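Here are some exercises to work through with the structure open beside you. Try each task yourself before you read its solution.

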Amino acid sequence: MSLHWHGVLQRGTPWADGPAMVTQCPVRPGGNYTYRFTVAGQEGTLWWHAHVSFHRATVYGALVIRPRGGAAAYPFPRPDEERVVVLGEWWNATVYDMERMAFLTGIPAPHADAYTINGKPGDFYNCSAANQTETFEVRQNRTYLLRIINAGMNTPLFFKVARHRLTVVGADACYTKPYKTGVVVISPGQTVDAVMVASAAVGRYYMAASPYDSAIPQGPPFSDTTATAILQYVGARRKTARPVLPRRPAVNDTATAHRFFSGMTALLRPGKPTVPLAVDTHMYVTVGLGVSDCLPEQLLCNRSAPPVFSSSMNNASFVTPTNTSMLEAHFKNAAAGVYTRDFPDTPPVVFDYTGDESDNATMQYTAKSTKVKTLRYNTTVEMVLQNTRLIAKESHPMHLHGFNFFILAQGFGNYDGSTAVGKFNLVDPQERNTVAVPTGGWAVIRFVADNPGMWYMHCHFDAHISLGLGMVFEVLDGPTPETSVPPPPADLPRC
């Protein structure tokens, strides 16, 4: 087991970040490890989850960071109450066994059997146990801050509350200017803070979480079902008619998803980071699916059949080390045999990334490696994340450990700097730790590498992490002890 504190910057505490074999070896059965870190300078909704195998399917929870001044210090009207809404996915199978079988065979794991809200699937599944629907009690005309988290493994979700509007005020623990919407679109790894006024007639209303399937052409099977919870007004009779159900967006409603993801802007506040204007390192990174040969450890892989599914960034399909963590190797200056410092800044082959040319089998092939991008301390990085049509176009939620980043622009098709740069938002772009790259499109992010350590960047679809859709930034030490990786804690797990 290992735990990741998703969105916590871990400044000065890189050993507490948690991804297995990147910053630590997993905690062995019967062992223990104490994660020690601070959340200084951060406010909002984050979360924590397992970061080994598929354990995070059930090992997760909310991490709420309030202002030191309490709710009165929120940069929006103080809500009367707060509610945590954690969206998830459920399998009837044992997820560890499922992940092992997917790896050994090279065949992707099956889709979830259900979606959940606070661990319960709701009224539209045939569950054997009683009390499988979460209930949120509210009072008419009171204001509620909903802290919404997508802890699901592989599925972006539409979230709606019947006959209620929402005002987004934060995302990934970064405040936003108020953004009014009837639907929240949230990819795995992301969080959204939204204010809701209980302004409907006294009654019962469904909250609903339904899938957004962005893959073009049709991707792997997914559960086309809806998780529900009940918004119960004080004074409503519980045994009246079934609660009102919101109209569900179409599963492939990319227009609604893009409008939401691109519509938010940052709430500028004194003393908070602003967009760095001078860039030291430019990167153009393709993200998508592909194929690769069976690995020797994939004992049940059919080696006489075509190559198996894989995924990559700039055609490098990432695998973690097996004998020591990357952060330990970095700290000991012993990278040899653990990782290489040759992650490419650009794709090895330039082609029509989102066009039919991607059907070419040669373009789809990728090889396994453990490549990192090494950055000097305080380097400003601009990265274009370009989705490809290799196998299928799909919106990938790309998460960066150890940093927040600014999303300067997003769009569809192949990125063209000659037209896109002039549209960059350099004034109040949204700041996040996870960006949903548009399906068949691109997103441009920018961040300052001022946090020494080994920081994982990966797709937050766990099915894609295991296929290799990731890489690591190696940020070198700064000039002082405070800007350097400290020695590992005494109880750091051993491999």
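Before you start, note that this is a predicted model.

**Exercise 1. A histidine and its surroundings**

Task: Find which residues H49 is in contact with, leaving aside its neighbours within four places in sequence.

Solution:
- Start with the list: H49 touches S2, L3, H4, H6, R56, V59, Y60 and H460.
- Next, place H49 in the chain: H49 belongs to strand β2, residues 44-50.
- Then look at one partner in detail: the side chains of H49 and H6 make a polar contact at 3.4 Å.
- Finally, check accessibility: the relative accessible area of H49 is 1%. Buried means under 20%, so H49 counts as buried.

**Exercise 2. Tracing an open sheet**

Task: Work out in which order the six strands of the open sheet are arranged, and which strands are at its edges.

Solution:
- Go across the sheet strand by strand: the order is β5-β4-β7-β12-β9-β10, with mixed pairing.
- Look at the ends: β5 (114-117) and β10 (174-181) are the edge strands, each pairing on one side only.
- Add the twist: from one strand to the next, the average is 25 degrees.
- Recall what holds such strands together: strands of a sheet pair through backbone hydrogen bonds, either parallel or antiparallel.
- Zoom in on one pair: β9 (residues 166-171) and β10 run antiparallel and are joined by five bridges. In this pair, V168 has Y179 of β10 as its bridge partner.
- Now add a helix: α2 (residues 254-263) lies across β9, β10 and β12 (191-197), and runs at about 140 degrees to β10.

**Exercise 3. A strand covered on both faces**

Task: Decide how many residues of strand β14 (residues 227-233) are buried, and which strands β14 pairs with in the parallel and antiparallel sense.

Solution:
- Count the buried residues: seven of the seven in β14 are buried.
- Sort them by face: A227, A229, L231 and Y233 are on one side, while T228, I230 and Q232 are on the other.
- Find the parallel partner: β6 (residues 134-138) pairs with β14 over five bridges. Here V138 has Y233 as its bridge partner.
- Find the antiparallel partner: β13 (residues 204-211) is joined to β14 by six bridges. Here A209 stands opposite A227.

**Exercise 4. Two asparagines with positive phi**

Task: Compare N314 and N315: which is buried and which is partly exposed?

Solution:
- Begin with the general rule: most residues other than glycine have a negative phi.
- Set the two residues against that rule: N314 has a positive phi of about 50 degrees, and N315 has one of about 65 degrees.
- Locate them: N314 lies in the loop between β16 (308-313) and β17 (316-318), and N315 lies in the loop between β16 and β17 as well.
- Compare accessibility: N314 is buried, at a relative accessible area of 2%, whereas N315 is partly exposed, at 32%.

**Exercise 5. Into the nonpolar core**

Task: Find how many residues the largest nonpolar core has, then follow the contacts of F159.

Solution:
- Give the count: this core has 43 residues.
- Name the residues with the most contacts inside it: L87, L146, I148, F159, V184, L231 and F260.
- Follow F159, leaving aside neighbours within four places in sequence: F159 is in contact with V85, L87, L146, I148, L166, V183, V184, M207 and A208.
- Look for a further core: another one, of 29 residues, lies apart from the largest and includes M313, A449, M457 and L469.

Terms used:
Residues are numbered from 1 along each chain as its sequence is written. This is a predicted model: local features need pLDDT of at least 70, side-chain atom pairs count only at pLDDT 80 or more; totals for chains, interfaces and linings use all residues. Side-chain values use heavy atoms; hydrogens and water are left out. Two strands pair if DSSP finds at least two bridges between them. Helices (H or I, at least four residues) and strands (E, at least two) are DSSP runs, numbered from the N terminus. Axes are lines fitted to C-alpha atoms, for helices over the stretch in contact, and angles run from 0 to 180 degrees between N-to-C directions. Contact means heavy atoms within 4.5 Å. Buried means under 20% relative accessible area, exposed over 50%, partly exposed in between (1.4 Å probe, protein chains only). A polar contact is a pair of N or O atoms within 3.5 Å; within protein, one must be able to donate a hydrogen and the other to accept it, and residues adjacent in sequence count only if both atoms are side-chain atoms. A nonpolar core is a set of buried Ala, Val, Leu, Ile, Met, Phe, Trp, Tyr and Cys residues joined through side-chain atoms within 4.5 Å.
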